[in-house]
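Pull up the model and keep the sequence beside it. Let's take a walk through the fold together.

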Amino acid sequence: MSAPASDDAPRRQRWLMALPLVVFAALAAIFWFALGDGDPSRIPSALIGHPAPQTPLPPLDGLASNGAAIPGLDPTVFKGKVSLVNVWASWCVPCRDEAPLLTELGRDSRLQLVGINYKDSTENARRFLGRYGNPFRIVGVDANGRASIEWGVYGVPETFIVGREGTIVYKLVGPVTPDNINTVLRAEIDKALKAGS
């Protein structure tokens, strides 16, 4: 009668040893299917359809265009205009790659480009804009990263389109690239420009 009890103990131990592997495999499968194709730019934003954060940001000291100081971010600038808001930093390598594309978008007079400089030094941020060009009409400094949290930023760079009503209508996670500027971003900008016109 004691033999069956001893058979159950090793079987139970093997099952308990395999349990972490089974749990890991189940979680890995859930994450794999939840992320779909793994494209980080497709991460949904809870802020789509909601007003842009009402967080004012100070200007980048010493930044000027045509002799006039470039202002910081006042949330009232979003009303009545379609805005492209780009969160960037001088230490961000993909930000360097997207800089010429933002400059190209900045030539579109129907848009206002707003930059949020994320956790950067003033000198490095000014040097970055001097080297790669400044497409922004407004540059707010987010020194401690709090405003970027309110915008729902996962990491730099990220780009938002804010409609004329001051509502976030689109979010691009990752850099603006030659592929997504033409296939996605311009289409979303056009939609925002047509809405409420």
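What follows goes from the overall layout to a few particular spots.

Keep in mind from the start that this is a predicted model. The protein chain has five helices and seven strands, and if you trace it from the N terminus on, the elements come in the order α-β-β-β-α-β-α-β-α-β-β-α. There are 197 residues in the protein chain, and 40% of them count as buried. Now look at who touches whom: taking contacts with a separation of 6 or more, 76% come from residues 24 or more positions apart. As for the outside, the protein chain shows an accessible surface of about 11,400 Å², with 60% of that belonging to carbon and sulfur atoms.

Let's begin with helix 1, which covers residues 2–35. Leu-19 has its place there. Is Leu-19 buried, exposed or partly exposed? Its relative accessibility is 32%, so Leu-19 counts as partly exposed. Leu-19 also helps make a nonpolar surface patch of about 430 Å², together with Leu-16, Val-23, Leu-27 and Ile-30.

Carry on along the chain and you get to Ala-52, which sits in the loop between helix 1 and strand 1 (64–65). Loop or not, Ala-52 has a relative accessibility of 2%, so it counts as buried; the cut-off for that label is under 20%. Which residues is Ala-52 in contact with, leaving aside its neighbours within four places in sequence? The list is Phe-78, Trp-151, Val-162, Gly-166, Thr-167 and Ile-168. Try checking the backbone here as well: the C-alpha atoms of Ala-52 and Ile-161 are 9.6 Å apart, while their positions lie 109 residues apart along the chain.

Some of those contacts of Ala-52, among them Val-162, Gly-166 and Ile-168, take us to a hairpin. Strand 6 (residues 158–162) pairs with strand 7 in the antiparallel sense, over five bridges. The two strands form the hairpin with five residues between them. One of the bridge pairs is easy to find: the partner of Val-162 in strand 7 is Ile-168. In the turn, look for Gly-166, which has a positive phi of about 85°. Strand 7 itself, residues 168–173, is mostly covered, with five of its six residues buried.

Next, the cysteines. The structure holds one disulfide, and it joins Cys-92 and Cys-95, with their sulfur atoms 2.4 Å apart. Which hand does the disulfide have? The torsion about the S-S bond of Cys-92 and Cys-95 is about 85°, so the disulfide is right-handed. You may need to hide some surface to see it, as Cys-92 and Cys-95 are both buried.

Now for the charged side chains. Side chains of opposite charge can pair when their charged atoms come close. The count here is five salt bridges, and we'll visit some of them.

Start with Arg-110, which forms a salt bridge with Asp-108, the closest N and O atoms being 2.8 Å apart. The two partners get different labels for burial: Asp-108 has 18% relative accessibility, so it counts as buried, while Arg-110 is partly exposed, with a relative accessible area of 48%. Arg-110 also forms a salt bridge with Asp-190, and there the closest N and O atoms are 3.8 Å apart. This second pair links distant parts of the chain: Arg-110 lies in the loop between helix 2 (93–106) and strand 4 (111–118), and Asp-190 in helix 5 (residues 178–194), 80 residues apart. Asp-190 is partly exposed, at a relative accessible area of 32%.

Stay on helix 5 for one more pair. Lys-191 forms a salt bridge with Glu-188, with 3.3 Å between the closest N and O atoms. How far apart along helix 5 are Lys-191 and Glu-188? They are three residues apart, so about one helical turn separates them. Lys-191 counts as exposed because its relative accessibility is 52%, whereas Glu-188, at 18%, counts as buried. Salt bridges that share partners, meanwhile, join Asp-108, Arg-110 and Asp-190 into one network.

Notes. Residues numbered from 1 in each chain as written. Predicted model: local features only at pLDDT ≥ 70, side-chain atom pairs only at ≥ 80, totals over all residues. Heavy atoms only, no water. Buried < 20%, exposed > 50% of the residue type's maximum accessible area, 1.4 Å probe, protein only. Helix = DSSP H or I, 4+ residues; strand = E, 2+ residues; numbered from the N terminus. Pairing = 2+ DSSP bridges. Disulfide = S-S within 2.5 Å. Patch = residues over 30% accessible without salt bridge, like charges linked within 9 Å, V, L, I, M, F, W, Y side chains within 5 Å. Areas by Shrake-Rupley, 256 points an atom, 1.4 Å probe, with all protein chains shown as cover. Salt bridge = Lys/Arg side-chain N within 4 Å of Asp/Glu carboxyl O. Contact = heavy atoms within 4.5 Å.
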